[in-house]
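Colleague: I'm new to this, so could you walk me through how you justify the words you use for a model like this one?

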Amino acid sequence: MKVNGEQIILSEKIPLSEFLQREGYFCDKIAVELNGEIIPRSRYASVFLTDADKLEIVSFVGGG
Amino acid sequence: MISTDFLYEEWNCQLRERCGKEATDKLQQARVAVAGLGGLGSNIAILLTRMGVGNLHLIDFDKVDYSNLQRQQYFVEQVGKYKVEALAETLRKINPYVNLKLSCVKVSAENLPELLAQDEIICEAFDKAEAKAMLVNGVLEHFPGKVIVAGNGIAGLGAGNLIQARRVSKSLYLCGDGVSTCEEVPLYAGRVALCAAQQAHLVQRIILGLEG
């Protein structure tokens, strides 16, 4: 699977929410695109990741 | 006193001479929202006005405060005014013919679909990370045809060259260093303005079809 341009190996299908938690992301400060499609926060738990996926996770920081 | 007809013609003539008629028309017809009128948003709105963007939607619920004057485009005499109104005054001094829509509201996931329905390009210029994420998620979920240009990572005194623009996907662009947060270091006028300029410049490129 490709995450933010970097190849990582995903040995089994896992829910997006589990992946995000495992990698230390804060769900209220991110936007996630899976294969070019935005994933609404309400679907993080029901969307499953596979090794063929391309994931973009944008983490926002304060300042404006 | 300069007549209004003369000024309108002169303004457009200056723009046409620089950009050509086609580009001038595209800029004048564009509808751009600026969500958040702090250091990023106030600078972005002024730049878009000078670029000749014809329709701007200014969104902010807050009032001008003394703590804004060190990096935001407001003046001492505007302290206490709503930012949408204070900035509108300034923009009309630059171009009296810019079409402004003022929304003195706090953007939420609930009001976002109606609030941004008429805008083609949205500049994200909020302060808090959670608000930035809410706006970007909301725009991408509700409006697949719109483009959002977000500011992300502008705090501190890190190198200016780290403030970069990148296209994440078809509808999402990010400007900033991506990491520096105002929770750890202060915001400074120059670095914030760099990001605002990147965002405004990207909006111009998108309007003129230079981003593919």
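Modeller: Sure, let's start with chain B, where 7 strands form an open sheet in the order 3-2-1-4-5-7-6, with mixed pairing. Strand 3 (99–103) and strand 6 (164–169) of chain B stand at the edges, each with a single partner strand, so one side of each has no neighbour in the sheet. On average, neighbouring strands of this sheet are turned by 20° against each other, direction ignored.

Colleague: Before we go on, what kind of model is this?

Modeller: It's a predicted model, where local features need pLDDT of at least 70, side-chain atom pairs count only at pLDDT 80 or more, and totals for chains, interfaces and linings use all residues. Residues are numbered from 1 along each chain as its sequence is written, chains are lettered from A and ligands numbered from 1 in the order in which they are written, and side-chain values use heavy atoms, leaving out hydrogens and water.

Colleague: What makes strand 6 and strand 7 of chain B a pair?

Modeller: Two strands pair if DSSP finds at least two bridges between them, and a strand is a DSSP run of E with at least two residues, while a helix is a run of H or I with at least four, both numbered from the N terminus. Strand 6 of chain B and strand 7 (172–176) of chain B have 5 bridges, in the antiparallel sense, so they count as a pair under that rule. B:Arg166, for instance, stands opposite B:Leu174 in strand 7 of chain B.

Colleague: How do you know which strands helix 6 of chain B packs on in that sheet?

Modeller: Contact means heavy atoms within 4.5 Å. Helix 6 of chain B touches strand 1 (31–35), strand 4 (121–124), strand 5 (147–151) and strand 7 of chain B. Its direction makes about 170° with that of strand 5 of chain B; axes are lines fitted to C-alpha atoms, for helices over the stretch in contact, and angles run from 0 to 180 degrees between N-to-C directions.

Colleague: And which strands form the sheet in chain A?

Modeller: There, 5 strands form an open sheet in the order 2-1-7-4-5, with mixed pairing. Its edge strands are strand 2 (6–7) and strand 5 (37–38) of chain A, each pairing on one side only. Helix 6 (residues 129–142) of chain B packs on this sheet too, touching strand 4 (30–34) and strand 5 of chain A.

Colleague: Why is the pairing in chain A called mixed?

Modeller: Strands of a sheet pair either parallel or antiparallel. Strand 1 (residues 2–3) and strand 2 of chain A pair in the antiparallel sense over 2 bridges, whereas strand 1 and strand 7 of chain A pair in the parallel sense over 2 bridges. A:Lys2 stands opposite A:Gln7 in strand 2 of chain A and opposite A:Lys54 in strand 7 of chain A.

Colleague: What makes A:Lys29 and B:Glu130 a salt bridge?

Modeller: The rule asks for a side-chain nitrogen of Lys or Arg within 4 Å of a carboxyl oxygen of Asp or Glu. Here the closest N and O atoms are 3.9 Å apart, so the pair qualifies under that cut-off. Across the interface of chain A and chain B, the rule finds 1 salt bridge.

Colleague: How much area do the two chains bury?

Modeller: Buried area is the accessible area (1.4 Å probe) that two parts lose on being put together, summed over both. Chain A and chain B bury about 1,800 Å² between them, 58% of it on carbon and sulfur atoms. A:Phe60, A:Val61 and A:Gly64 supply 35% of the area that chain A buries against chain B, more than any other three residues.
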